[in-house]
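Hello,

Here is the structure I promised to pass on to you. Have a look at it first, and then read on for what turned up.

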Amino acid sequence: MCQLLGMNCNVPTDICFSFAGFRARGGLTDHHRDGWGIAFFEGAGVRVFLDPAPSAASPVAELVKHYPIRSLNVIAHIRKATQGGIRLENTHPFQRELWGRYWVFAHNGNLKEFAPALGGRFLPVGTTDSERAFCYLLDRLAARFPQGAPAPAALHAALRELALEVGRRGEFNFLLSDGDWLFAHCSSRLCYILRKAPFAVAHLADEDLTVDFNQLTTPDDRVAVIATTPLTDNEAWTEIPPGNLFAFHDGLPVGLGETRTVAQEVPRRLPDHGRAPDAE
């Protein structure tokens, strides 16, 4: 299973602490050695670092670990190849433009016999099912909303329908962001933690590193960190129930409507004040 990492904040924040533990999963504490990448939104731009080498031994990852890039939205990925060779063009996250904004996408899973017809505006450069899925999502969104970006609730509803459709082809855990919202779809495994006042001390599960967030934050800061599995071993992470699409904004999960993406299931709603629904 590939590893996903996302961060959504209400103030620009660096991801150095979480990335230190995440990076270790690329060949040190886990067996994912087929490349890694990370994307930081900065204003209207995106700063992307990609490397088909294992993240635990990557000089590029070492640079990112010590480079406190501050961003409102970050998406990172460590790859275990299922489709497509170990090459730079197959390394997540992927980036495209839609409605005058950059979109970034990373996927964990395996979509079998997934070869959708594409309109031509969004085409894969590499040979992964993940990039094809990303192109398909944007292709369908562009066709559905030709006049421009819809309201967040309409966008979430469209993504939920697409996640249900594509998810029928296999495991479809993904992170998707336009620099404003971060969408997290859990097909099998994904969790998150909300860090806000009163802040606490956190210790990484994959590396002997501890940080006291009281020394690095203000009382108004909010940070949501999303990962395939918990990055720390002394904090309470919340599992996203499989078959749900959550939306994060300003460091909190936000209720935009039905979240369930599994056919023949009763839809669940995410409360408006950031509390996730209880897992069944």
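Seven strands make up an open sheet in this predicted model. Their order is β3-β2-β4-β1-β12-β9-β13, with antiparallel pairing. At the edges are β3 (45-51) and β13 (238-239), each of which pairs on one side only. As general background, strands of a sheet pair through backbone hydrogen bonds, either parallel or antiparallel.

If you would like one pairing to look at, try β1 and β12. Strand β1 covers residues 3-13 and strand β12 residues 222-227; the two run antiparallel and are joined by five bridges. Along this pair, Cys9 stands opposite Val223 in β12.

The other place to visit is Arg96, which sits in strand β5 (residues 94-98). Is Arg96 buried or exposed? Its relative accessibility is 16%, and because buried means under 20%, Arg96 counts as buried.

What surrounds Arg96 there? Beyond its neighbours within four places in sequence, Arg96 is in contact with a number of residues, among them Tyr102, Trp103, Phe122, Phe134 and Leu138. Two partners of its side chain are worth finding on screen. The side chain of Glu131 makes a polar contact with that of Arg96, at 2.8 Å. The backbone oxygen of Leu123 also lies 2.8 Å from a polar atom of the Arg96 side chain.

Cys135 is another of the residues in contact with Arg96. These two are 39 residues apart in sequence, while their C-alpha atoms are 8.4 Å apart in space.

Enjoy exploring!

Best wishes

Conventions. Residues are numbered from 1 along each chain as its sequence is written. This is a predicted model: local features need pLDDT of at least 70, side-chain atom pairs count only at pLDDT 80 or more; totals for chains, interfaces and linings use all residues. Side-chain values use heavy atoms; hydrogens and water are left out. Two strands pair if DSSP finds at least two bridges between them. Helices (H or I, at least four residues) and strands (E, at least two) are DSSP runs, numbered from the N terminus. Buried means under 20% relative accessible area, exposed over 50%, partly exposed in between (1.4 Å probe, protein chains only). Contact means heavy atoms within 4.5 Å. A polar contact is a pair of N or O atoms within 3.5 Å; within protein, one must be able to donate a hydrogen and the other to accept it, and residues adjacent in sequence count only if both atoms are side-chain atoms.
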